[in-house]
Amino acid sequence: MTTTLRDAFLFVLVFGLIVATGFLQSWNVALGILNMGLISAIMALGVNMQWGYAGLFNIGVMGFVALGGLGAVVVAMPPVTEAWAAAGLRIILALAVGAATIVGAIQGWKRLDAGRQRALITAAILIVGFFVFRWIFDPAVAAIEKINPAGTGYLGGLGLPILIAWPVGAVFAAGAAWVVGKTALGLRSDYLAIATLGIAEIIISILKNEDWLSRGVKNVIGIPRPVPYEIDLQNSETFVSRVTNWGLDPVASSSIIVKLGYSGLFLIVLLILLWLAQSALNSPWGRMMRAIRDNEVAAEAMGKDVTARHLQIFILGSAVCGLAGAMMTTLDGQLTPSSYQPLRFTFLVWVMVIVGGSGNNLGAVLGGFLIWFLWIMVEPIGLTVLEFATAGLADDSAIKDHLLNSAAHMRLLTMGLILLLVLRFSPRGLIPER
Amino acid sequence: MDLLNAIVTLSNFVIVPAIAYGSQLALGALGVTLIYGILRFSNFAHGDTMAFGAMVTVLVTWWLQGLGVSLGPLPTALLALPVGIAVTALLVLTTDRMVYRFYREQKAAPVILVIVSMGVMFIMNGLVRFVIGPNDQRFADGSRFIISARDFKTLTGLNEGLAIKSTVVLTVVVAAIAVALLFWFLNKTRTGKSMRAFSDNEDLALLSGINPERVVMITWIIVAALATTAGVLYGLDKSFKPFTYFQLLLPIFASAIVGGLGSPLGAIAGGFVIAFSEVTFTYAFKKVAGYVLPENLEPDSLVQLLSTDYKFAVSFAILVIVLLFRPTGIFGGNTR
């Protein structure tokens with residue numbers, strides 16, 4: 001079998017699984033898996049750029065995804081005018097002071113001559129800047145959070161169409177990636193890993209605590225949609241009459257139509273990204289990246305700027321993750337900072353890339369769909385298996401009860417097992433790099 | 001008097017908790033640093049190894065409590081600890097045999113081993129949740145306080161109380177014993193010396209006839225003991241919740257790196273540096289300032305540098321500063 005045929009067969013297989021879910025279970029579930037699969041595939045593309053092209057070990061995916069989600073809130077939610085009037089400018093001034101402090105400290109460190117004086121001046125800039133920042137910032141935050149805390153209590157967004165949020169989310173993630181990359185990219189791979197792990201935790205704690213920005217754990221709900229609402233479809237006479245003509249139930253089909261709308265949008269984004277990623281990988285730039293990955297010293301000797309290229313690909317990959325994050329928040333229609341778990345948003349994406357085939361964009365996309373499908377399906381399958389295994393036990397047995405209740409945790413076990421098995425027996429993944 | 005009150009308040013809310021937390025981090029960081037020194041990779045499954053060890057100990061503790069066994073004022077968990085260590089050692093040795101050894105023989109790149117340890121992390125995390133569930137579990141018993149805040153006040157006549165939880169003293173004592181044993185082992189015994197030799201220069205150690213598989217096996221057993229002890233002490237001091245152990249990964253790695261990866265002494269120092277900074281930066285100094293400063297200067301705000309939820313940011317910031325200015329850590333660890 002030729003390689004193209006084999007790849008095509010794998011894709012058909014995975015989509016066959018999703019379609020089978022549609023026939024056996026429900027089309028709603030199948031489309032739900034498809035939509036999140038599309039988003040997962042985009043995240044996997046982003047990680048694959050960093051790991052597969054350039055060998056950068058980023059385990060802060062969760063942070064970039066969450067920043068994309070923040071982008072969706074900042075762009076699409078209606079602005080809270082009272083809050084802006086109360087302290088909007090003051091917040092912006094405070095953030096400007098904070099940024100100026102950091103820039104000032106860095107410039108001071110670079111410009112002054114080494115010695116005790118330099119350390120003292122830099123420290124002084126940082127300390128004074130911090131207190132000035134807090135002095136401007138704290139009253140502003142209090143003023144904003146005081147305004148209708150149950151309903152808003154935050155600045156709101158710009159009230160623009162949600163689709164604009166997707167590139168904005170990517171830009172947010174790219175900005176954070178620039179900061180991380182500037183500080184951590186020169187370090188050894190496991191230091192970069194710890195640094196990205198840390199930055200992701202910090203981004204999540206900012207989203208959880210800065211109520212003026214993201215309402216914190218109170219969550220932002222009702223983010224505008226790029227597709228119609230189900231209820232509007234059900235109330236629209238043309239829709240109802242057309243669907244009834246086809247012999248379908250208006251309520252059920254309305255939710256399917258909405259999901260299909262999302263699938264269409266996500267598919268367009270995925271195809272564009274895939275095309276871009278493939279052309280980049282096959283261009284001289286892509287060959288240079290792989291050359292750097294395989295032998296940094298040799299590439300540097302050939303005159304390639306390794307640090308700059310690493311920074312570039314780190315930003316690009318993170319931006320793709322941010323884009324996926326904005327899309328996911330759009331699909332959910334809400335931003336819930338407490339739902340971001342590293343196992344789900346960082347390490348699961350890594351499983352997708354490794355299983356799919358690191359270094360191959362098609363592989364990453366395939367891994368995204370396949371692993372997401374398994375992530376959803378392992379729970380019911382695990383439950384069935386456990387029910388079968390415990391069938392011999394009495395119905396009121398404590399062990400049976402415990403096992404059945406723990407079925408949800410089968411997911412992590414299975415994912416770990418899959419990752420280890422693939423790494424051991426097929427380390428290049430389902431669709432290996434070519 | 002005011003100054004004394006200020007000192008007592010500071011001890012109660014900053015120094016005592018930070019010493020306990022620092023000991024727990026130091027034990028965790030020692031495990032990470034040993035793995036790094038001998039097996040040469042960053043073990044991301046360490047937090048979940050701690051959770052697993054603590055879980056086994058919790059289960060045995062419950063069983064002992066059910067039998068009516070008790071150590072009086074000491075927590076029953078101390079009796080269960082050896083069992084926890086044994087089971088955890090068995091688990092990590094099995095993991096090494098089934099997973100890591102293959103890559104060691106292949107001389108795989110360290111980053112591959114890190115990814116492998118991610119897979120192990122998933123499995124251990126799932127295992128812990130599968131057995132004991134994701135919720136908080138209490139297993140501490142025995143006396144809660146060596147000295148309670150109220151007793152301290154009546155004893156000294158001060159306005160402020162200094163409460164010393166028995167778990168804090170226990171943590172420090174157990175950690176000190178563990179560290180003393182570890183250093184005695186590494187510096188005085190033949191096996192310990194061969195471990196250090198292996199860490200310093202693998203090829204030379206092999207030439208001298210040191211059996212690498214034996215060194216690796218002993219390392220894993222020590223790491224299991226350290227991780228279980230750290231996990232149990234943390235669980236006794238706070239509470240046992242699987243997810244918090246995963247989150248400890250960041251401060252633990254920060255401690256190990258700040259001290260210098262591969263350096264046991266550095267891991268301990270790093271643990272305390274991280275713990276003290278985390279607690280100091282997130283403590284509201286209002287009360288202390290109220291005692292120390294004259295009345296007209298008393299602050300209205302909390303005088304808290306950062307909200308408690310940003311404690312990750314503190315360990316992270318220290319980590320970044322150390323990495324930028326002294327990448328080998330305070331004690332100049334292993335740079336490979």
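These legends walk through several close-up views of a predicted two-chain model.

Residues are numbered from 1 along each chain as its sequence is written, while chains are lettered from A and ligands numbered from 1 in the order in which they are written. Since the model is predicted, local features need pLDDT of at least 70 and side-chain atom pairs count only at pLDDT 80 or more, but totals for chains, interfaces and linings use all residues.

**View 1. Chain A as a whole.** Let's start with chain A, which comes to 18 helices and two strands (DSSP runs numbered from the N terminus: H or I of at least four residues for helices, E of at least two for strands). Its C-alpha atoms fill a box of roughly 75 × 60 × 50 Å along the principal axes. The radius of gyration of chain A is 24 Å, which agrees with the value near 22 Å for a compact globule of 434 residues (taken over C-alpha atoms, with the globule rule being 2.2 Å times the number of residues to the power 0.38). Of the 434 residues in chain A, 43% are buried (20 or more other C-beta atoms within 10 Å of the residue's own, against 12 or fewer for exposed and in between for partly exposed, with C-beta atoms placed from the backbone).

**View 2. Helix 2 of chain A beside helix 14 of chain A.** The axes of helix 2 (residues 27-53) and helix 14 (residues 306-332) of chain A come within 8 Å and cross at roughly 170° (lines fitted to C-alpha atoms over the stretch in contact, with angles from 0 to 180 degrees between N-to-C directions). The two helices are therefore roughly antiparallel (angles over 145 degrees; under 35 is roughly parallel, 65 to 115 roughly perpendicular and the rest oblique). Look for Ile39(A) and Tyr53(A) among the residues from helix 2 of chain A, and Phe314(A) and Cys321(A) among those from helix 14 of chain A. The contact residues divide into 17 nonpolar, five polar and no charged (Ala, Val, Leu, Ile, Met, Phe, Trp, Tyr, Cys and Pro are nonpolar, Asp, Glu, Lys and Arg charged, and the others, Gly among them, polar).

**View 3. Helix 4 of chain A with helix 5 of chain A.** Here helix 4 (residues 81-111) and helix 5 (residues 116-146) of chain A pack at about 170°, their axes 8 Å apart. That angle makes them roughly antiparallel. Their contact has 20 nonpolar, six polar and two charged residues.

**View 4. Around Gly382(A).** Gly382(A) sits in helix 16 (residues 361-389) of chain A. With 21 C-beta neighbours inside 10 Å, Gly382(A) counts as buried. Leaving aside neighbours within four places in sequence, Gly382(A) is in contact with Ala407(A) and Met410(A) (C-beta atoms, placed from the backbone, within 7 Å).

**View 5. Where chain B meets chain A.** Contact here involves 33 residues of chain B and 31 residues of chain A. Helix 4 of chain B gives the most to the chain B side, with 15 residues. That side divides into 25 nonpolar, six polar and two charged residues. The predictor gives the complex an ipTM of 0.89 and a pTM of 0.91.

**View 6. Helix 11 of chain B.** Eleven of the eleven residues in this helix are buried, including Phe253(B) and Gly259(B). The buried residues pack against helix 7 (189-209) of chain A and several chain B helices, among them helix 12 (264-282). Just after helix 11 of chain B, Gly260(B) takes a positive phi of about 110°.
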